[in-house]
Amino acid sequence: MSSETFRLTNLSIEGFRGINKGLNLTTDALSTVISGPNGFGKTTILQAIEWGLYGWIPHMRGAEFDVEDAIVNQFHPAETAKVELTLESPENVVKIIRTRKKGHWSRRESKLVVETNGTTLKDKAAQAKIQE
């Protein structure tokens, strides 16, 4: 799987940063353009992809991220952030699901599930598969 080229075909976000209610984006083209006025969530969408893949957002460093949870939307009824990514190659479909309950800081551990070829991997094994 490491030599395959994948493309994002579906992105589902709920309770993540500024996105409280569910947002579902499906792409069927080779390129996707996200546009809109300032403050409408373009960066949040990109951060959701990053967090979904890696479990952290590099720019979230510093004292302010140690005292508040900047991942989970504070108004989400379940106090949970959830990002689902579907990646496709000609040979495979990989679904990545990352969730995290609200905490007191931004760099808490998250739960990760990767589904591919009828196999479900969790947490460290799932992250290793993504890195592969």
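The exercises below, each with a worked solution, examine a predicted model of a protein chain.

Local features require pLDDT of at least 70 and side-chain atom pairs count only at pLDDT 80 or more, whereas totals for chains, interfaces and linings use all residues. Residues are numbered from 1 along each chain as its sequence is written, and side-chain values use heavy atoms, with hydrogens and water left out.

**Exercise 1. Overall architecture**

Determine how many helices and strands the protein chain has, and in which pattern they follow one another.

Solution. Begin with the definition: helices (H or I, at least four residues) and strands (E, at least two) are DSSP runs, numbered from the N terminus. The count gives three helices and six strands. Next, reading along the sequence yields the pattern β-β-α-α-β-β-β-β-α. The radius of gyration, taken over C-alpha atoms, is then set against the globule rule, 2.2 Å times the number of residues to the power 0.38. The chain has a value of 15 Å, close to the 14 Å that the rule gives for 132 residues, so it is as compact as a globular protein of that length. Finally, the C-alpha trace spans about 45 × 35 × 25 Å along its principal axes.

**Exercise 2. The nonpolar core**

Identify the residues with the most contacts inside the largest nonpolar core, and the elements that each supply at least two of its residues.

Solution. A nonpolar core is a set of buried Ala, Val, Leu, Ile, Met, Phe, Trp, Tyr and Cys residues joined through side-chain atoms within 4.5 Å. Buried means under 20% relative accessible area, exposed over 50%, and partly exposed in between (1.4 Å probe, protein chains only). The largest core has 23 residues, and those with the most contacts inside it are Ile 13, Phe 16, Trp 51, Ile 71, Val 83, Ile 96 and Val 114. At least two core residues come from each of S1 (7-14), H1 (42-54), S3 (80-88), S4 (93-101), S5 (111-116) and H3 (123-131). In soluble globular proteins, nonpolar side chains tend to be buried together.

As a last step, take Ile 96 and set aside residues up to four places away in sequence; its contacts (heavy atoms within 4.5 Å) include Gly 52, Val 83, Leu 112 and Ile 130. In the chain as a whole, 38% of the 132 residues count as buried.

**Exercise 3. Two loop residues**

State whether Gly 103 and Ser 31 are buried or exposed, and where each one lies.

Solution. Gly 103 is found in the loop between S4 and S5. With a relative accessible area of 14%, Gly 103 is buried. Leaving aside neighbours within four places in sequence, Gly 103 is in contact with Asp 69 and Arg 108. Its C-alpha atom is separated by 9.5 Å from that of Thr 80, 23 residues apart along the chain.

Ser 31, in turn, lies in the loop between S2 (23-26) and H1. Its relative accessible area is 62%, so Ser 31 is exposed. The C-alpha atoms of Ser 31 and Arg 7, 24 residues apart along the chain, are separated by 9.4 Å.

**Exercise 4. Positive phi values**

Find where Asn 117 and Asp 123 lie, and classify their accessibility.

Solution. Phi of Asn 117 is near 50°, a positive value in a residue other than glycine. Asn 117 belongs to the loop between S5 and S6 (119-122) and, at 57% relative accessibility, counts as exposed. Asp 123 also has phi near 50°. This residue, Asp 123, is found in helix H3 and counts as partly exposed at 39% relative accessibility.
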